[in-house]
Amino acid sequence: MTQQKIEEALQILKALGLPRAQQNERSAFCLLALLNLTPEKPWSEAGAPLIGITPIMNFTALHYGKKYAPNSRETFRRYTMHQFVDSGLALYNPDDLSRPVNSPHAVYQIEQAALSLIQLFGTDAWTGALYKYLGIQKTLAERYAQERGAQQNSGAFKKWLGFST
């Protein structure tokens, strides 16, 4: 049951268009913690608690048996949660937008439309809801590709104008 839930979380991350670098076990654990989804709970019971990085790591150890060293917090924040926020999958400090970036009280929460979609995972309604969600929400992979294209076009334009890049 535990491995199946991790695999399903990975399927969701891939379906949502997260870059390959976020399609890994750590990211799956982050998603499961954001949803407060233990191995025995169905996707329809996913929730939206406010949760910080250390509580995500504790959730992973308690419910999925995967322990990370305390110095892994930055890896979770920088290589998973940052991209979850950029993609619109998660919100950063939704309870207090004025909280400083470096606050030890920083929290994340699954975005409401993403929660509603994920609660449908494994049902007949999942595919239609996913297409509708993706039609509204640009994937992070698409955003990154668009930014790379804009940077490349900007460099070509500057070169065309005679500026060195």
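## Close-up views of a predicted model

**View 1. Two asparagines with positive phi.** Asn-36 is partly exposed, with 34% relative accessible area. The model shown here and in the views that follow is predicted. Asn-36 belongs to the loop that runs between α2 and α3, and its phi is near 50°, a positive value in a residue that is not glycine. Most residues other than glycine have a negative phi. Asn-93 is the other asparagine to look for here, and its phi is also near 50°. Find Asn-93 in the loop between β1 (90–92) and β2. Is Asn-93 buried or exposed? Asn-93 is buried, because its relative accessible area of 1% is under the 20% cut-off.

**View 2. The whole chain, for orientation.** Before zooming in again, it helps to have the layout in mind. The chain has 7 helices and 2 strands. Read from the N terminus, the order of elements is α-α-α-α-β-β-α-α-α. There are 165 residues in the chain, and 39% of them count as buried. If you take the contacts in the chain with a separation of 6 or more, 56% are made by residues 24 or more positions apart.

**View 3. The largest nonpolar core.** This core has 39 residues, and Leu-31, Phe-84 and Leu-89 are the ones that touch the most other members. Two or more residues each come from α1 (2–15), α2 (25–34), α3 (53–64), α4 (73–87), β2 (108–110), α5 (112–118) and α6 (126–136). Which element gives the most to the core? That is α2, with 7 residues.

**View 4. The surroundings of Phe-84.** This close-up stays with one of the core residues named above. Setting aside neighbours within four places in sequence, the contacts of Phe-84 include Leu-13, Leu-18, Ser-27 and Cys-30. Phe-84 is also in contact with Leu-31 and Leu-34, as well as with Leu-89 and Ala-90. Leu-31 and Leu-89 are worth picking out, as they join Phe-84 among the core members with the most partners.

**View 5. Gln-22 in the loop between α1 and α2.** The loop between α1 and α2 holds Gln-22. With a relative accessibility of 4%, Gln-22 counts as buried. Beyond the residues up to four places away in sequence, Gln-22 touches Leu-13 and Ser-27. Gln-22 also touches Tyr-79, Thr-80 and Gln-83. Compare this with the previous view: Leu-13 and Ser-27 are contacts of Phe-84 too.

**View 6. Aromatic rings around Phe-59 and Tyr-68.** The model has 7 aromatic pairs. A pair of aromatic rings is described by the distance of the centres and the angle of the planes. For Phe-59 and Tyr-64 the ring centres are 6.1 Å apart and the planes meet at 45°, so this pair is tilted. Phe-59 and Tyr-64 are both buried. Tyr-68 and Phe-76 make an edge-to-face pair, with 4.8 Å centre to centre and 85° between the planes. In this pair, Phe-76 is buried at 1% relative accessible area, whereas Tyr-68 is partly exposed at 24%. Which residues do ring pairs link into a cluster? The cluster consists of Phe-29, Phe-59, Tyr-64, Tyr-68 and Phe-76. Tyr-68 has a charged partner as well: the charged end of Lys-66 sits over its ring, 5.5 Å from the ring centre.

**View 7. Gly-88 and its partners.** Gly-88 is in the loop between α4 and β1. Its relative accessible area is 18%, and Gly-88 is therefore buried, the cut-off being 20%. Apart from neighbours within four places in sequence, Gly-88 is in contact with Glu-111, Tyr-133 and Gln-137. How many residues separate Gly-88 and Gln-137 along the chain? They are 49 residues apart, yet their C-alpha atoms are separated by 7.8 Å.

**View 8. The largest pocket.** The volume of this pocket is about 410 Å³. Its lining is made up of 18 residues. Nearest the centre of the pocket are Ile-53, Arg-77, Tyr-92, Ala-106 and Tyr-108. The elements giving two or more residues to the lining are α3 and α4. The largest share, 7 residues, is from α4.

Key: Residues are numbered from 1 along each chain as its sequence is written. This is a predicted model: local features need pLDDT of at least 70, side-chain atom pairs count only at pLDDT 80 or more; totals for chains, interfaces and linings use all residues. Side-chain values use heavy atoms; hydrogens and water are left out. A nonpolar core is a set of buried Ala, Val, Leu, Ile, Met, Phe, Trp, Tyr and Cys residues joined through side-chain atoms within 4.5 Å. Buried means under 20% relative accessible area, exposed over 50%, partly exposed in between (1.4 Å probe, protein chains only). Helices (H or I, at least four residues) and strands (E, at least two) are DSSP runs, numbered from the N terminus. Contact means heavy atoms within 4.5 Å. Rings of Phe, Tyr and Trp (its six-membered ring) pair if their centres lie within 6.5 Å; planes under 30 degrees apart count as stacked, over 60 as edge-to-face and the rest as tilted. A charge sits over a ring if NZ of Lys or CZ of Arg is within 6 Å of the ring centre and within 35 degrees of the ring normal. On a 1 Å grid over the protein atoms alone, a cavity is a set of points where a 1.4 Å probe fits but cannot get out, and a pocket is an open set with protein on both sides within 12 Å along at least five of seven lines; lining residues have an atom within 4 Å of a point. Grid points are joined across faces, edges and corners, and a volume is the space filled by probe spheres set on the points.
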